[in-house]
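Me: I am new to this structure and would like a close look at a single part of it: the buried interior, along with whatever adjoins or crosses it. Please take me through it step by step.

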Amino acid sequence: MTSGEREPLWREEFSIAKADERYVNRRQMAKFLTLASLGMFAGNVWILIRSRFRTPVYPRSGVAMVDEIPIGGVKLLQYPRAGEQCIMVRTGEDAYVAYSQKCTHLSCAVFYAREQNRLECPCHRGYFSIEDGSVLQGPPTRPLPKVVLERHGSELIAIRMEPEI
Ligand code: FES
């Protein structure tokens, strides 16, 4: 800019010299970090409160007829929502169990190994008890969520998940 030219109007309204524009002073930086930290803290508190006081509502859903599956047989179902894959096994004449099919390690699909009478995850050899879904072996640390079933006449009805998901 030559000496005869005037500064543009916008430059007069900003008091920062051009050479210093890219520098942020310590106070501005501390203010920014404090506000960002408070924002993240408030967000985490909100998530915690929502997760503590959320009461999941599970649908009552007819999932199978009593004689639909042979003893030792398997039926795949979706519960509590479409796309949430579960596996039901008939373990005895009048005994049925159902679990989420999603391995609690890294979400591979578990399958029923009839000879070992357990649920197995092929990804990292995680094994789960057919009795209660607890971990028998492998990297998973949490049991498979169980689908609680009720029998009404000749129909099996899924009523909720334990633990809640
Ligand atoms: S995903 Fe199932 S054991 Fe790793």
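Reply: Let's start with Cys-121, which counts as buried at 4% relative accessibility. Buried means under 20% relative accessible area, exposed means over 50%, and partly exposed lies in between, using a 1.4 Å probe and protein chains only. Cys-86 is buried as well, with a relative accessible area of 0%.

Before going further, two notes on how to read all this. This is a predicted model, in which local features need pLDDT of at least 70 and side-chain atom pairs count only at pLDDT 80 or more, while totals for chains, interfaces and linings use all residues. Residues are numbered from 1 along each chain as its sequence is written, and side-chain values use heavy atoms, leaving out hydrogens and water.

Now to the interior itself. A nonpolar core is a set of buried Ala, Val, Leu, Ile, Met, Phe, Trp, Tyr and Cys residues joined through side-chain atoms within 4.5 Å. The largest one here has 15 residues, and those with the most contacts inside it are Val-63, Leu-77, Tyr-79, Met-88, Val-147 and Leu-156. Four strands, β1 (61-65), β3 (85-92), β4 (95-100) and β10 (155-162), each supply at least two residues of this core. Strand β10 gives the most to this core, with 3 residues. Strands (E, at least two residues) and helices (H or I, at least four) are DSSP runs, numbered from the N terminus. Apart from this core lies another, of 12 residues, and Cys-121 belongs to it, as do Val-110, Tyr-112 and Phe-128, among others.

Tyr-79 is a good place to pause in the largest core. Leaving aside neighbours within four places in sequence, Tyr-79 is in contact with ten residues that you can pick out one by one: Tyr-58, Pro-59, Ser-61, Glu-84, Cys-86, Val-147, Ala-158, Ile-159, Arg-160 and Met-161. Contact here means heavy atoms within 4.5 Å. Tyr-79 is also joined to Pro-80 by a cis peptide bond, with omega about 0°. Pro-80 sits in the loop between β2 (74-78) and β3. Most peptide bonds are trans. A further cis peptide bond joins Glu-162 and Pro-163, with omega about -10°, and Pro-163 is in the segment after β10.

Cys-86 leads us on to Gln-101. Gln-101 belongs to the loop between β4 and β5 (111-113), and at 11% relative accessibility Gln-101 is buried. Not counting neighbours within four places in sequence, Gln-101 is in contact with Leu-76, Gln-85, Cys-86, Ile-87, Cys-108, Ala-109 and Val-110.

Cys-108, in turn, brings us to a covalent link. The whole structure has 1 disulfide, a pair of cysteine sulfur atoms within 2.5 Å. Here Cys-108 is joined to Cys-123, with S to S at 1.9 Å. The torsion about the S-S bond is about -95°, so the disulfide is left-handed. Cys-108 lies in the loop between β4 and β5, and Cys-123 in the loop between β6 (118-121) and β7 (126-129), so the pair ties together parts that are 15 residues apart in sequence. Cys-123 is partly exposed, at 38%.

Right beside Cys-108 in numbering comes Ser-107, in the loop between β4 and β5. Ser-107 has a phi near 75°, a positive value in a residue other than glycine, and is partly exposed at 44%. Asn-117, in the loop between β5 and β6, also has a positive phi, about 50°, although it is not a glycine. Most residues other than glycine have a negative phi.

Finally, let's look at charged pairs. A salt bridge is a side-chain nitrogen of Lys or Arg within 4 Å of a carboxyl oxygen of Asp or Glu, and the structure holds 8 of them. Arg-160, one of the contacts of Tyr-79, meets Glu-162 in a salt bridge, 2.7 Å from N to O. Arg-160 is partly exposed at 34%, and Glu-162 is partly exposed at 37%. Salt bridges that share partners also join Asp-67, Arg-90 and Glu-93 into one network. Arg-151 pairs with Asp-94, their closest N and O atoms being 2.5 Å apart. That pair links distant parts of the chain, 57 residues apart: Arg-151 is in strand β9 (residues 146-152), and Asp-94 is in the loop between β3 and β4.
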